[in-house]
Amino acid sequence: MKIFLYKTAAAVMLLALCPLRALCQEHPASWEFGIGGSLMNLTRTSVTDFHQTAGGDYLFTLEERLLYGGADMYAAKELRKWLYADLQGTFGLARYYQSESLVRGWSAMAGPGLQFRPFTSSEWIQPFLRVGINWYRKTFPNSYFGQFQGDVTKEAVWKAEDAWNKGFTFDTDSFFPLSVGIGVVGWMSNRFGVRVQGQFLKSFGNKGANFAQASAGIIYRLGGNDKRLACAKDYPGLMIAGPAEVIKEVVKEVPVEVVREVVKEVPVEMTIAEMMDNVNFDFDKATITEDSRAILDEIADVLKRFPDEKFLVAGYTDSKGTDAYNDVLSEARANAVRNALIDRGVPASRLVSRGFGKRVAIVSSSASDEARRGDRKVVIERVTSELLWNYLIK
């Protein structure tokens, strides 16, 4: 009856995924696939060599093993930004004593689950809470109660307990434990990340055992939002209003020529980012070209109109070349722009420069040079967070 209830719960959980998937999807869904390793805290107690000495004392050998390891497989599908359905499986190898010899058995566990990732604003670090149901199968004994082999009276018994299992427990080789756990996914790049998880597995009644499992591994992501775009959007361009345009109009009348000056207020909007598009460097160098210096004069004049604002000069490269080379080049170009602005009267205390290399490059390295041009840039971004500014100037 209990096995039937467990199977029913698993079926209900899988069917529940269908209406959840049909809800409005706010962004392209992603798949995650991973491999790793696991440790299971499942006690294996063996009592052997029970005998009576010549003096009438009874002796026996007690062996207790607490941990065993295994390989971990993982797959997950994004249902909503905060909800994932996953399937996890573990194959483990455990040693135990049989007829006073150390032999090896195996275990297999697999089951579906739901992950709740509440911090949807985080693109790179994603803690989660997981609940699931599992099928567990093993080939080694895991008894917590038994008779002494060799006891001529057939009356002496032994009993064992551990932190997860209190009281009378029978051994069984197959059961369906429910699991509750916590974990975190940390992304090292747009596609690759690491996953760490701990969970407790509960077997109801007197069949099976309760135990804990810790696992870690690497994961690969398919589909979903581009995390690099989210990083690039952290620093929006600064919108400024330019000066009014003065137009001189000449009106001629016969026989008298009258020169009249007409001032027309023409609103002009542009961004610092648009002005920085015209700041160029010598090829593969951090030297600012001569025709870019007039643009830097205008940018310095704009920045000086905001005496209380702080700015980040950020350098970026395209995806060609090594990480180390691009980091150095982007840092040098950002620093060259910062020094040029300081020379034009912008206080050094209001400027900081950083190079981000090709971390947020969008266009592939195999694309044309013209296509990759947009990734090669130096931008000036306003820093409104005091905590971020203090971090940048360290």
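Which residues line the second largest cavity? In this predicted model, the lining is formed by Asp72, Gln88, Gly89, Thr90, Met109, Asn134, Gln199 and Gln213. Strand β3, which spans residues 83-98, makes the largest contribution to that lining, with three residues. Sorted by class, the lining of the second largest cavity comprises one nonpolar, six polar and one charged residue. The volume of this cavity is about 50 Å³.

The second largest cavity belongs to a set: the model holds four cavities of 30 Å³ or more. The largest cavity has a volume of about 120 Å³. Its lining consists of 15 residues, and those nearest the centre of the cavity are Glu78, Tyr84, Gln126, Arg221 and Lys227. Here the classes are divided into two nonpolar, six polar and seven charged residues.

From the cavities, the reader may turn to the largest pocket. A cavity is a space from which a probe of 1.4 Å cannot get out, whereas a pocket is open. The largest pocket has a volume of about 700 Å³. A total of 27 residues line this pocket, and Asp318, Arg333, Arg373, Arg376 and Lys377 are the ones that lie nearest its centre. Several elements take part in the lining: α3 (272-276), α5 (323-343), α6 (369-372) and β19 (377-383) each provide at least two residues. Of the elements, α5 gives the most, namely four residues. The lining of the largest pocket contains 10 nonpolar, five polar and 12 charged residues.

The surface offers a further feature. A nonpolar patch is formed there by Trp31, Phe33, Ile35, Met73, Met188, Phe192, Val194, Ile218, Tyr220 and Leu222, which together have about 970 Å² of accessible area. Three elements, β1 (30-52), β11 (192-202) and β12 (211-223), give two or more residues each to this patch.

Leu222 may serve as an example of a patch member. This residue is found in strand β12. Why can Leu222 be counted in a patch? A patch residue must have over 30% relative accessible area, and Leu222 meets this condition because its relative accessible area is 40%. With that value, Leu222 is classed as partly exposed.

To review the route through the model, one may begin with the second largest cavity, to which strand β3 gives three lining residues. One may then locate Glu78 and Tyr84, which are among the residues nearest the centre of the largest cavity. Next comes helix α5, with its four residues in the lining of the largest pocket. The route ends on the surface, at the nonpolar patch that includes Leu222.

Technical notes. Residues numbered from 1 in each chain as written. Predicted model: local features only at pLDDT ≥ 70, side-chain atom pairs only at ≥ 80, totals over all residues. Heavy atoms only, no water. 1 Å grid on protein atoms, 1.4 Å probe; cavity = no way out; pocket = protein on both sides within 12 Å on 5 of 7 lines; lining within 4 Å. Points joined across faces, edges and corners; volume = space filled by probe spheres on them. Nonpolar A, V, L, I, M, F, W, Y, C, P; charged D, E, K, R; others polar. Patch = residues over 30% accessible without salt bridge, like charges linked within 9 Å, V, L, I, M, F, W, Y side chains within 5 Å. Areas by Shrake-Rupley, 256 points an atom, 1.4 Å probe, with all protein chains shown as cover. Salt bridge = Lys/Arg side-chain N within 4 Å of Asp/Glu carboxyl O. Buried < 20%, exposed > 50% of the residue type's maximum accessible area, 1.4 Å probe, protein only.
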